[in-house]
Amino acid sequence: MTLWTGQEAASRLPVEPRWRSYYEEQLAGRLRRAIEHVRSRPSAELKPHFHSLLTLIERSRSRPALGPLAADLISELHPMPLNWGEWAEWLQTLRFGVLLNERLNRPGQQASLMADLSRLLFELGRSEEAMALAEKTVAFSRERG
C-alpha cells in the first residue's frame, strides 16, 4: 500500500474542470491588476513586490490561455529586475518571455527580449551562449524585417 502526504497527495486528486477554470480566471485577474500596477508605479515601489510578480508569471506557465497576459507583464517589468540585481531569476523569465512572444507571433517583442537576454548572458560570463543567441537574434531580425 502506497501512502502519499501533503502536496503529493493533493496533486494526485482529480480537479474538476470548473475549479481549473475558476483558478485560471482568478489568475488572469491578478495578472491584469499586476500589469496595471507595474504601469502606474515607479520602479522603487515595485522592487519589494518582485517575487510576488515573478510568482504570477511562473503560475501562468502551464496555462496557455494566460500567455498574452504573462508576456505583457514581462514586457512591463523589463528591464527593472536587472536594475534591482535580480539577474539570475530574471534570466529564466526572459527565456520564458522569448518563448511566449514566439508563440504569440510578436516578433518585435521577441527580438527585443532575445537581444536583452544575449546581453544578460554576456554579463553573467556565459559568452559562448550569448554570442550564439546574438547571432540568432540578428538572423531572426533580418528575416522578420
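**View 1. Leu113 is buried, with a relative accessible area of 4%.** Here, "buried" means under 20% relative accessible area, "exposed" means over 50%, and "partly exposed" covers what is in between (1.4 Å probe, protein chains only). Before you look further: this is a predicted model, where local features need pLDDT of at least 70, side-chain atom pairs count only at pLDDT 80 or more, and totals for chains, interfaces and linings use all residues. Residues are numbered from 1 along each chain as its sequence is written, and side-chain values use heavy atoms, with hydrogens and water left out. Leu113 sits in helix H8; helices (H or I, at least four residues) and strands (E, at least two) are DSSP runs, numbered from the N terminus. Who touches Leu113, once its neighbours within four places in sequence are set aside? Ile74, His78, Leu94, Gly97, Val98 and Asn101 do, where contact means heavy atoms within 4.5 Å. Ile74 is 39 residues away from Leu113 along the chain, yet their C-alpha atoms are separated by 9.6 Å.

**View 2. Here is the whole protein chain, with nine helices and zero strands.** Read from the N terminus, the elements go α-α-α-α-α-α-α-α-α. Of the 145 residues in the protein chain, 34% are buried. Take the contacts between residues at least 6 apart in sequence: 64% of them join residues at least 24 apart.

**View 3. Helix H4 packs against helix H5.** Two packed helices are described by the angle between their axes and the distance between the axes. H4 spans residues 50–60, H5 spans residues 67–77, and their axes come within 10 Å and cross at roughly 150 degrees. (Axes are lines fitted to C-alpha atoms, for helices over the stretch in contact, and angles run from 0 to 180 degrees between N-to-C directions.) H4 and H5 are therefore roughly antiparallel to each other: angles over 145 degrees get that name, under 35 is roughly parallel, 65 to 115 is roughly perpendicular and the rest is oblique. Their crossing is left-handed, the label used when the near helix is turned anticlockwise from the far one by less than a right angle; clockwise would make it right-handed. On the H4 side you'll find Leu53, Ile57 and Ser60, which meet Ala70, Leu73, Ile74 and Leu77 of H5. Sorted by class, that contact of H4 with H5 has six nonpolar, one polar and no charged residues. For the classes, Ala, Val, Leu, Ile, Met, Phe, Trp, Tyr, Cys and Pro count as nonpolar, Asp, Glu, Lys and Arg as charged, and the others, Gly among them, as polar.

**View 4. Zoom in on two residues of helix H4, Ser60 and Leu54.** Is Ser60 buried or exposed? Ser60 is buried, with a relative accessible area of 2%. Skipping neighbours within four places in sequence, Ser60 touches Leu27, Leu31, Leu66, Ala70 and Phe96. Leu54 is buried too, at 10%. With the same neighbours-within-four-places rule, Leu54 is in contact with Glu89, Trp90 and Thr93. Leu54 and Thr93 are 39 residues apart in sequence but 8.0 Å apart in space, C-alpha to C-alpha.

**View 5. This is the largest nonpolar core, with 37 residues.** Such a core is a set of buried Ala, Val, Leu, Ile, Met, Phe, Trp, Tyr and Cys residues joined through side-chain atoms within 4.5 Å. Which residues have the most contacts inside it? They are Leu73, Leu77 and Trp90. The elements giving two or more residues to this core are H2 (17–40), H4, H5, H6 (80–83), H7 (87–103), H8 (107–123) and H9 (127–144). Leaving out neighbours within four places in sequence, Leu77 is in contact with Val38, Leu53, Ile57, Trp84 and Trp90.

**View 6. Helices H8 and H9 have axes that come within 8 Å and cross at roughly 160 degrees.** H8 and H9 are therefore roughly antiparallel to each other, and their crossing is left-handed. Residues making the contact include Leu117, Leu121 and Phe122 of H8 and Leu133, Phe140 and Arg144 of H9. By class, the contact of H8 with H9 has eleven nonpolar, five polar and three charged residues.

**View 7. Two loops hold backbone details worth a look: Pro79 lies between H5 and H6, and Asn105 between H7 and H8.** A cis peptide bond joins His78 and Pro79, with omega about 10 degrees. Asn105 has phi near 55 degrees, a positive value in a residue other than glycine. Asn105 is exposed, with a relative accessible area of 53%.
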